[in-house]
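User: I would like to go through this model step by step, with the reasoning spelled out for each point. Please begin with the salt bridges and then move outwards to the helices and the overall fold.

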Amino acid sequence: MLRLFDLGARVFPGVSDPRPRVVGVTGSGGGVDGVVRLEPWGEGDVWLLRRLNSAEMTAHLGGPESEEQLLARHRRYVEPGDGRMYRVVLADDERTVGSVGYWEREWRGGTVWEAGWGVLPEFQGRGLAAAAARAVIEAARAAGGHRYLHAYPKVTHAASNTVCRRAGFTLLGEVGFEYPKGNPIRCNDWRYDLAADGS
């Protein structure tokens, strides 16, 4: 049984977005360990971006970014735009375990939401990425604007493909991508229909 809930509006420095501030997910079965809460990315979260920029965490993403690229990414995460990045927090003890977010992408003649996530190595294997993905589904649904939320993990990235399946995405097949720019890769196109009943 999956339970989704909005923990209500909270004030976060630098965040003026009126959308729900915090979304939580809990569940039984499927290996979910506790509840995760999403907090909008803030000025003080650059440390997490640096942790997620390790060789281990970026092995399927073309490798670590330079400090300049990392700071530019942090600015994009902090500044309001189409979509939202979040810090993933364990609700029971407030530890930050990773990041998740959604943003716009032009895809096959239209605009969709794209989702991405990362869980720090010491918290992996506990179902937290799938819980965060389910929470970001609800955040994207609440934001409106687009019917579909996609995720594009590399075909060889078994863990991220498992997260997509556990979070309820539907596999549409393999697609060609360039990431980073100039680096051709094969990804799976996973899609979630935000117009579907989320219960």
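User: In this predicted model, what is the N to O distance in the salt bridge between Asp45 and Arg87?

Analyst: The model is a predicted one, and in it the pair links distant parts of the chain, with Asp45 in the loop between strand S3 (36-40) and H1 and Arg87 in strand S4 (residues 83-90), 42 residues apart. The side chains of these two residues, Asp45 and Arg87, meet in a salt bridge whose N to O distance is 3.1 Å.

User: Is Asp45 buried or exposed?

Analyst: The cut-off for buried is a relative accessible area under 20%. Asp45 has a relative accessible area of 7%, and therefore counts as buried. Its partner Arg87, at 15% relative accessibility, falls in that class too, because the limit is 20%. The class asked for, that of Asp45, is buried.

User: Which class of accessibility do Asp93 and Arg95 fall into?

Analyst: Asp93 forms a salt bridge with Arg95, in which the closest N and O atoms are 2.7 Å apart. Partly exposed covers the range between under 20%, which is buried, and over 50%, which is exposed. Asp93 lies at 34% relative accessibility and Arg95 at 40%, so both Asp93 and Arg95 count as partly exposed.

User: How many residues apart are Glu138 and Arg141 in helix H3?

Analyst: The side chains of Glu138 and Arg141 meet in a salt bridge, at 3.0 Å from N to O. Glu138 is buried, with a relative accessible area of 18%, whereas Arg141, at 22%, counts as partly exposed. Both belong to helix H3 (residues 128-143), where they are separated by about one helical turn because their spacing in sequence is three residues.

User: Which residues are joined into one network by salt bridges that share partners?

Analyst: A search of the whole structure finds 14 salt bridges, and the contact between Asp45 and Arg87 is one of the pairs that meet in this way. Where salt bridges share partners, they join into one network Arg37, Glu39, Asp45, Arg87 and Glu94.

User: How are H3 and H4 oriented to each other?

Analyst: H3 and helix H4 (residues 158-167) pack with their axes 9 Å apart and at an angle of about 55°, and H3 passes H4 in a right-handed crossing. The contact is made by Ala129, Ala130, Ala133, Arg134 and Ile137 of H3, together with Val163, Arg166 and Ala167 of H4. Angles of 35 to 65 degrees fall outside the roughly parallel and roughly perpendicular classes, and therefore H3 and H4 are oblique.

User: Which residues does Arg50 touch, not counting those up to four places away in sequence?

Analyst: Arg50 is found in helix H1 (residues 46-52) and is partly exposed, with a relative accessible area of 39%. Its C-alpha atom is separated by 9.3 Å from that of Pro64, 14 residues apart along the chain. With residues up to four places away in sequence left out, Arg50 touches Glu67, Leu70 and Leu71.

User: What share of the protein's contacts between residues at least 6 apart in sequence joins residues at least 24 apart?

Analyst: The secondary structure comes to four helices and nine strands, which follow one another along the sequence as β-β-β-α-α-β-β-β-α-β-α-β-β. Of the 199 residues, 46% count as buried, and the accessible surface comes to about 9,900 Å², with 52% of it belonging to carbon and sulfur atoms. Among contacts between residues at least 6 apart, the share that joins residues at least 24 apart is 59%.

Definitions and conventions: Residues are numbered from 1 along each chain as its sequence is written. This is a predicted model: local features need pLDDT of at least 70, side-chain atom pairs count only at pLDDT 80 or more; totals for chains, interfaces and linings use all residues. Side-chain values use heavy atoms; hydrogens and water are left out. Helices (H or I, at least four residues) and strands (E, at least two) are DSSP runs, numbered from the N terminus. Buried means under 20% relative accessible area, exposed over 50%, partly exposed in between (1.4 Å probe, protein chains only). Contact means heavy atoms within 4.5 Å. Accessible areas come from the Shrake-Rupley method with a 1.4 Å probe; for residues, only the protein chains shown count as cover. A salt bridge is a side-chain nitrogen of Lys or Arg within 4 Å of a carboxyl oxygen of Asp or Glu. Axes are lines fitted to C-alpha atoms, for helices over the stretch in contact, and angles run from 0 to 180 degrees between N-to-C directions. Angles under 35 degrees count as roughly parallel, over 145 as roughly antiparallel, 65 to 115 as roughly perpendicular and the rest as oblique. A crossing is left-handed if the near helix is turned anticlockwise from the far one by less than a right angle, and right-handed if clockwise.
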